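Reader: I should like to learn how to read the overall features of a model and then the surroundings of a single residue. Might we proceed step by step?

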Amino acid sequence: MGSTTAPNDASRVARPKPGLTFWQIWNMSFGFLGIQFGFALQNANVSRIFETLGAKVESIPILWIAAPTTGLLVQPIVGYFSDRTWNRLGRRRPYFLGGAILASLALLVMPNSPALWVAAGMLWIMDASINISMELFRAFVGDNLPSSQRTTGFAMQSFFIGTGAVVASMLPWLLTNRFGVANQAPAGQIPSSVRLSFYLGAAVFFAAVLWTVLRSKEYSPEEMASFAENQAREGQVRKGRTAEEYAEHGGRQIRLGWIFLLVGAVLSIALAYLAAYQVIVLSAGTLVVGLLLIASGMLQRRGRTESGFVTILNDFQDMPLTMKQLAWVQFFSWFALFAMWIYTTAGVTSHVYGTSDTTSARYNEGANWVGVLFAAYNGIAAVVAFAIPVLARMTSRKAAHAICLVCGALGFLSIYLVTDPRWLLGSFVGVGIAWASILSMPYAILTGSLPPSKMGYYMGVFNFFIVIPQITAAAVLGLFVGRLFGGQAIYALLVGGVSLVLAAALTLRVRDEDAERVAAT
């Protein structure tokens, strides 16, 4: 694969980045239809597959944990290399295609898992493959669209995400109620409605991403360097450190690394003593961060500063202020979403349908209805996606995002009060409004603060603040449900509602650099 780094030549004649037509934005976003098709099938059905294969409800979060953990590694690395890639397919599109092939194969295998451990492993592979494509589609918008069109570009992605997820979430229900596909199976076997849904998902995933690969173009590194707004943002990149500065910076990383290492080790021992094994993943993660910092610091002290590993860790520490502020918004937003994805099936079937028997018709009716609810919130997101930019123009991007998050919080909290399953549709209207904004507004705000030459890397790092809350939720929610909530999964959804309220409050303190530049002109 050919490789190059985009030049940063401010002396060349600067020109405005051209706008794209509606259909060009449509084509470059179409691949997200397939990505979300696979992602929605995963979110709506994997917990059901786990329970069918014998998982206890309090153990479900830990089974999910390997998947988001993989995203921590995959996305920044893929983003880092894609920033340095240029060949006949472009910069991001080679990775779109590779991720689509792997994810489609994983979708074919997942519903045929013969045992729980196989299903957990396939979730790991499937999520890693989806991650290869997902955040680079965000960078794709930042690469190709001028500042004035970015909110529309991310809204278009939200539209395709919602549209794909509507169909994918409803597939088992549609196959059962419209085409007569069996929705029940003997104990320990996946129903035919779920298996066929995954097969269809694999085909849609690959076809949609291939459409974007074939129907979109990318700017060359030379063209990217010629755009005025790119030159302005590239000027915000931290200048290279001297050998002495690298040595000093490496020393600080070593000291900080030892603190993380010791804290992680002590917490891991204490949690093991208390038999709180699900939470150990957080302390173990702290320990690993410490080891990485020590390794990076030692390399810098020895003068090995050109290492990609060193660059990745240093760029992480040098991330823009806007990104740091949005990190907290993302943490509480995605903590809530992960609580919903892993506990809605168990919460709705037990709290509203009154059963936890996975072989019963009542349970499977409730599980299918959850698929409809997930389709509903994604459908709302698809409709609301193009209204959010209008709301942002009337208020601000920050205010619009906060309003949408509050709508989601009300949706989460209202689930506890519902006794008739049909009324749950109202709750998920609020969730859909929040989902549409979560998929677009943080990225629209973030992109204006990122240097173009590091767009892929920072979009990959931004995924940390999606993955870390998922790991946290997987680690602590099982503990909460099992030990504090008496096995009642519905209370995990209430925790999610409170988390969205916190995210809305934190949104209001974020600095929107794009909006500031527009106001200054």
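Author: Certainly. Please note that this is a predicted model. A sensible start is burial: of the 521 residues of the protein, 58% count as buried.

Reader: How many helices and strands does the protein have?

Author: Secondary structure comes next. There are 23 helices and 0 strands in the protein.

Reader: What radius of gyration does the protein have, and what would a compact globule have?

Author: The value is set against the one that follows from chain length. A compact globule of 521 residues would have a radius of gyration near 24 Å; the protein has 23 Å, so the two agree. Along the principal axes, the C-alpha atoms fill a box of roughly 70 × 55 × 45 Å.

Reader: Among contacts between residues at least 6 apart in sequence, what share joins residues at least 24 apart?

Author: That share is 83% in the protein.

Reader: How is the surface of the protein made up?

Author: One considers area and atom type. The accessible surface comes to about 20,200 Å², and carbon and sulfur atoms account for 67% of this. As for charge, the protein has 36 positive and 25 negative side chains, with the centres of the two sets 1 Å apart.

Reader: Turning to a single residue, is Asn27 buried or exposed?

Author: Relative accessibility decides this. Asn27 has 12%, and because buried means under 20%, Asn27 counts as buried. Asn27 lies in helix 1, which spans residues 22-29.

Reader: Which residues does Asn27 touch, leaving aside those up to four places away in sequence?

Author: Asn27 touches Trp211, Thr212, Arg215 and Ser216. With Trp211 there is also a polar contact between the two side chains, at 3.0 Å.

Methods:
Residues are numbered from 1 along each chain as its sequence is written. This is a predicted model: local features need pLDDT of at least 70, side-chain atom pairs count only at pLDDT 80 or more; totals for chains, interfaces and linings use all residues. Side-chain values use heavy atoms; hydrogens and water are left out. Helices (H or I, at least four residues) and strands (E, at least two) are DSSP runs, numbered from the N terminus. The radius of gyration is taken over C-alpha atoms; the globule rule is 2.2 Å times the number of residues to the power 0.38. Buried means under 20% relative accessible area, exposed over 50%, partly exposed in between (1.4 Å probe, protein chains only). Contact means heavy atoms within 4.5 Å. Accessible areas come from the Shrake-Rupley method with a 1.4 Å probe; for residues, only the protein chains shown count as cover. Lys and Arg count as positive and Asp and Glu as negative; His and the chain ends are not counted. The place of a charge is taken as NZ of Lys, CZ of Arg, CG of Asp or CD of Glu. A polar contact is a pair of N or O atoms within 3.5 Å; within protein, one must be able to donate a hydrogen and the other to accept it, and residues adjacent in sequence count only if both atoms are side-chain atoms.
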